[in-house]
Structures are given as C-alpha cells and as structure tokens.
Amino acid sequence: MRDLLGASDGFRRPGYIISVEPGVSYMLGNFTTTVNVPIALVRNRTRSLTDIADSTPDNRRHGDAAFADYLINVNLAWRIPKRVKGVFNSVD
C-alpha cells in the first residue's frame, strides 16, 4: 500500500478525535461558500499493536500523537441549474 507521499507498510497510528464544528455559509446565486473551524474536545491516541507488543511490565510503550493543532475547512460549491423546458432544445 502507498500513501500520497510514500510507503506506509500498512502502518497507521490509531486514535480518534471528538470535535464540534461551528461554521458560516454564504450563498450568492448558484455559488455557496462555507468556512468551518472544528474545535477538538477529545483527542485520544490509542495504543497500536506495535506499542502493545513492544511494551514490558516496566516500560509501558505508548507512541506519539499525530493530531493537528488547528484546522480550517473552506468549501466552494456551484449548483448546476435545472434545465428549463424549451431553453436548451435544438431547432424544431
């Protein structure tokens, strides 16, 4: 398996985030833009199988976290208008 920037050998850091995502939307004609800024409430980097396998009773291994400090989502959408009957017809 390959990632966008190189090989990963199938390894992923397990974990999850619980967030709230306030945002604003603006619509003008057929265009809509949205900006959302998620705010992380919980970030939990769980132990991977490698962490568990390499741990000893004296040294409980728990790898590093890999969560973004902040994120800004910007979306732009264009609505394709519905065809109006008779407007796009060829010469009859």
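These legends accompany several close-up views of a predicted model.

**Figure 1. The whole chain, read from one end to the other.** Welcome to the predicted model, which holds 1 helix and 7 strands. Walking along the sequence, you meet the elements in the pattern β-β-β-β-β-β-α-β. The protein has 92 residues, and buried ones make up 11% of them. About 8,300 Å² of the protein is exposed, with 58% of that area supplied by carbon and sulfur atoms. Among the contacts with a separation of 6 or more, 49% are between residues 24 or more positions apart.

**Figure 2. The hairpin of S4 and S5.** Strand S4 covers residues 23-28, and strand S5 covers residues 31-36. The two strands run antiparallel and are joined by 6 bridges. One pairing to look for is glycine 23, whose bridge partner in S5 is asparagine 36. At the turn, 2 residues sit between the strands, and glycine 29 takes a positive phi near 65°. Methionine 27 also belongs to S4. Is this methionine 27 buried or exposed? Methionine 27 has a relative accessible area of 60%, so it counts as exposed, the cut-off being over 50%. From methionine 27 to leucine 76, the C-alpha atoms are 9.9 Å apart in space, while 49 residues separate the two in sequence.

**Figure 3. The pairing of S5 with S7.** Here S5 meets a second partner, the strand S7, in the antiparallel sense over 6 bridges. Strand S7 spans residues 73-78. Two of the pairings are easy to follow by residue. Valine 35 has valine 74 as its bridge partner in S7, and asparagine 36 has asparagine 73. Asparagine 36 is worth a second look, as it is also the bridge partner of glycine 23. How many of the 6 residues of S7 are buried? The count is 0, and S7 is hardly covered.

**Figure 4. The two faces of S5, with threonine 34 on the covered one.** In a regular strand the side chains alternate between the two faces of the sheet. In S5, the covered face is formed by Thr32, Thr34 and Asn36, while Phe31, Thr33 and Val35 form the uncovered one. Why does threonine 34 count as buried? Its relative accessibility is 16%, and buried means under 20%, so threonine 34 falls in that class. The side chain of threonine 34 also makes a polar contact of 3.2 Å with the side chain of serine 25. Leaving out residues up to four places away in sequence, threonine 34 touches Val24, Ser25, Asn73, Val74 and Asn75.

**Figure 5. A nonpolar patch on the surface.** Which residues make the nonpolar surface patch of about 520 Å²? They are Tyr16, Ile18, Val20, Ile39, Leu41 and Val42. Two strands, S3 (16-20) and S6 (39-44), each supply at least two residues of this patch. Leucine 41, one of the patch residues, is found in strand S6. With a relative accessible area of 56%, leucine 41 is over the 50% cut-off and therefore counts as exposed.

**Figure 6. Tyrosine 70 and isoleucine 39.** Tyrosine 70 lies in the loop between H1 and S7. Tyrosine 70 is exposed, with a relative accessible area of 69%. Where along the chain does isoleucine 39 stand with respect to tyrosine 70? The two are 31 residues apart along the chain, and 7.7 Å separates their C-alpha atoms. Isoleucine 39 will be familiar from the previous view, as one of the residues of the nonpolar patch.

**Figure 7. Arginine 60 in the loop after the helix.** Arginine 60 has its place in the loop between helix H1 (49-54) and strand S7 (73-78). The relative accessible area of arginine 60 is 59%, so this residue is exposed. Which residues does arginine 60 contact, leaving aside its neighbours within four places in sequence? The contacts are with Arg47 and Ser55. For the pair of arginine 60 and arginine 47, the C-alpha to C-alpha distance is 10.0 Å, at 13 residues apart in sequence.

Definitions and conventions. Residues are numbered from 1 along each chain as its sequence is written. This is a predicted model: local features need pLDDT of at least 70, side-chain atom pairs count only at pLDDT 80 or more; totals for chains, interfaces and linings use all residues. Side-chain values use heavy atoms; hydrogens and water are left out. Patches are made of residues with over 30% relative accessible area and no salt bridge: like charges are joined within 9 Å, nonpolar side chains (Val, Leu, Ile, Met, Phe, Trp, Tyr) within 5 Å. Accessible areas come from the Shrake-Rupley method with a 1.4 Å probe; for residues, only the protein chains shown count as cover. A salt bridge is a side-chain nitrogen of Lys or Arg within 4 Å of a carboxyl oxygen of Asp or Glu. Helices (H or I, at least four residues) and strands (E, at least two) are DSSP runs, numbered from the N terminus. Buried means under 20% relative accessible area, exposed over 50%, partly exposed in between (1.4 Å probe, protein chains only). Contact means heavy atoms within 4.5 Å. A polar contact is a pair of N or O atoms within 3.5 Å; within protein, one must be able to donate a hydrogen and the other to accept it, and residues adjacent in sequence count only if both atoms are side-chain atoms. Two strands pair if DSSP finds at least two bridges between them.
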